[in-house]
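Trainee: I should like to learn how to read charge pairing and burial in a protein model. May we work through a case together?

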Amino acid sequence: MDETKAQAALNMVMDAAPQVSAIKKLDGGVSNFTYLVETDDKPLILRTPPPGARSGNAHNMVREARVLQAVHPVFALAPKAIGSSDDPSATGDSFFIMEKREGLILKPGQKLDITPEQASALCDSFVDVFATLHEAPIPDTARDIFGDPDGFVARQVAGWTKRYHKLGLAEDFTDLVDWLDQNQPPPSPHTSLLHNDFKFDNMVLNPDDPTRIIGLLDWELAGRGDPLMDLGNALAYWIEAADPPTAHQFKRGPTDIPGMMTREDLIDAYCARRGFERPESMTFYQAMGLFRLAIIALQVHVRFAGGPDVQGPFRDAGIMLLGRATDLTKG
């Protein structure tokens with residue numbers, strides 16, 4: 001991506017588009033490419049998919065823009081989408097433009113120098129923002145984008161199981177797949193907007209008070225359904241200090257520093273904030289979150305390595321996550 005292509009993209013989706021002065025690819029993303037576009041007006045963000053094979057909604061730029069256009073009015077921490085296009089004549093692929101949220105975005109493994117008391121307050125913010133999202137009204141436009149939430153859990157189990165089989169791993173996790181199929185919870189009474197990638201490196205923190213979350217990014221996996229599936233997905237990223245070294249290699253936030261909640265604390269705090277009892281089926285949601293994240297990691301691995309059994313860090317992470325999920329189901 002260069003300045004000429006960025007300018008063409010802005011011209012395509014904006015009236016009286018500002019003049020592009022510089023463009024920089026931002027680090028951190030493995031699903032889509034994100035660029036900071038400096039202009040003579042204000043900085044903007046341009047997102048476009050990577051080359052090669054695409055995986056469902058994860059690389060659908062027009063859909064992500066539509067998600068933000070629907071969600072931003074009811075959940076202010078979602079950035080405002082400015083425009084999108086699937087016409088490749090500007091950038092060579094589909095893209096969308098959104099506002100830039102100014103603040104602190106933690107890269108995976110980045111140290112956050114805060115006290116235990118601040119870490120506790122940040123966890124409270126994490127829970128409150130999560131609950132606020134799940135309590136937000138669902139606009140009609142979001143209903144059109146996400147479809148019918150009935151059968152959401154069953155579709156998720158079936159969809160991620162299909163992706164698992166398609167990978168063709170040498171290792172056999174059939175017992176885990178069967179357990180997830182046979183232990184699905186009853187339909188949830190709490191249909192919600194779901195982010196589906198709720199973790200610290202997708203958040204913007206207030207640089208003057210890093211206990212405050214002021215933005216939530218990367219909505220390409222967003223949906224509508226059981227909010228405990230969203231919680232299970234978030235817990236898959238929540239690495240504790242006592243977890244084994246292999247788990248820490250996949251850490252995506254400062255969840256292991258003094259003052260941070262444990263996964264059990266996080267579940268209890270979320271349920272208390274939402275005003276309902278911890279469900280007996282929480283093991284399913286946690287195992288499903290780990291299973292889903294494992295498949296995402298393995299799909300990324302295959303995209304870069306060319307095969308499921310070539311060695312690599314994302315393969316190691318995927319196998320580790322499948323092992324953690326299996327251990328959970330065995331008590």
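**Reading salt bridges and burial**

Mentor: E264 and R278 form a salt bridge in which the closest N and O atoms are 2.8 Å apart. Please bear in mind that this is a predicted model.

Trainee: Which parts does the pair of E264 and R278 tie together?

Mentor: E264 belongs to helix 9 (residues 263-274), while R278 sits in the loop between helix 9 and helix 10 (282-305), so the pair joins parts 14 residues apart in sequence. E264 is partly exposed, at a relative accessible area of 38%, and R278 is likewise partly exposed, at 33%.

Trainee: What is the general idea behind such a pairing?

Mentor: Side chains of opposite charge can pair when their charged atoms come close. In this structure, the rule gives a count of 17 salt bridges. Among them is the one between D256 and K251, with an N to O distance of 3.2 Å.

Trainee: Are the partners K199 and D201 buried or exposed?

Mentor: The side chains of K199 and D201 meet in a salt bridge at 2.7 Å, N to O. K199 has a relative accessible area of 9% and is therefore buried, since buried means under 20%. D201, with a relative accessible area of 13%, is also buried.

Trainee: Which residues are linked in a network of salt bridges?

Mentor: The network links R47, E64, D218 and E220.

Trainee: Where do charges of one sign gather on the surface?

Mentor: D172, D175, D178 and D181 form a surface patch of negative charge. The residues of such a patch have no salt bridge. Take D181 as the example: this residue is found in helix 6 (residues 174-182), and D181 is partly exposed, with a relative accessible area of 49%.

Trainee: How should burial be read for a whole helix, and how many residues of helix 7 are buried?

Mentor: One goes through the helix residue by residue. In helix 7 (residues 227-237), eleven of the eleven residues are buried, so the helix is largely enclosed by the rest of the structure. The buried residues include the charged D230 and the polar N233, as well as L228, M229, L231 and Y237.

Trainee: Which residue caps the N-terminal end of helix 7?

Mentor: D226 provides the cap: one of its side-chain oxygens lies 2.9 Å from the backbone nitrogen of L228. L228 is itself among the buried residues of helix 7.

Conventions:
Residues numbered from 1 in each chain as written. Predicted model: local features only at pLDDT ≥ 70, side-chain atom pairs only at ≥ 80, totals over all residues. Heavy atoms only, no water. Buried < 20%, exposed > 50% of the residue type's maximum accessible area, 1.4 Å probe, protein only. Helix = DSSP H or I, 4+ residues; strand = E, 2+ residues; numbered from the N terminus. Polar contact = N/O pair within 3.5 Å; in protein donor to acceptor, adjacent residues only side chain to side chain. Patch = residues over 30% accessible without salt bridge, like charges linked within 9 Å, V, L, I, M, F, W, Y side chains within 5 Å. Areas by Shrake-Rupley, 256 points an atom, 1.4 Å probe, with all protein chains shown as cover. Salt bridge = Lys/Arg side-chain N within 4 Å of Asp/Glu carboxyl O. Lys, Arg positive; Asp, Glu negative; His and termini not counted. Charge placed at Lys NZ, Arg CZ, Asp CG, Glu CD.
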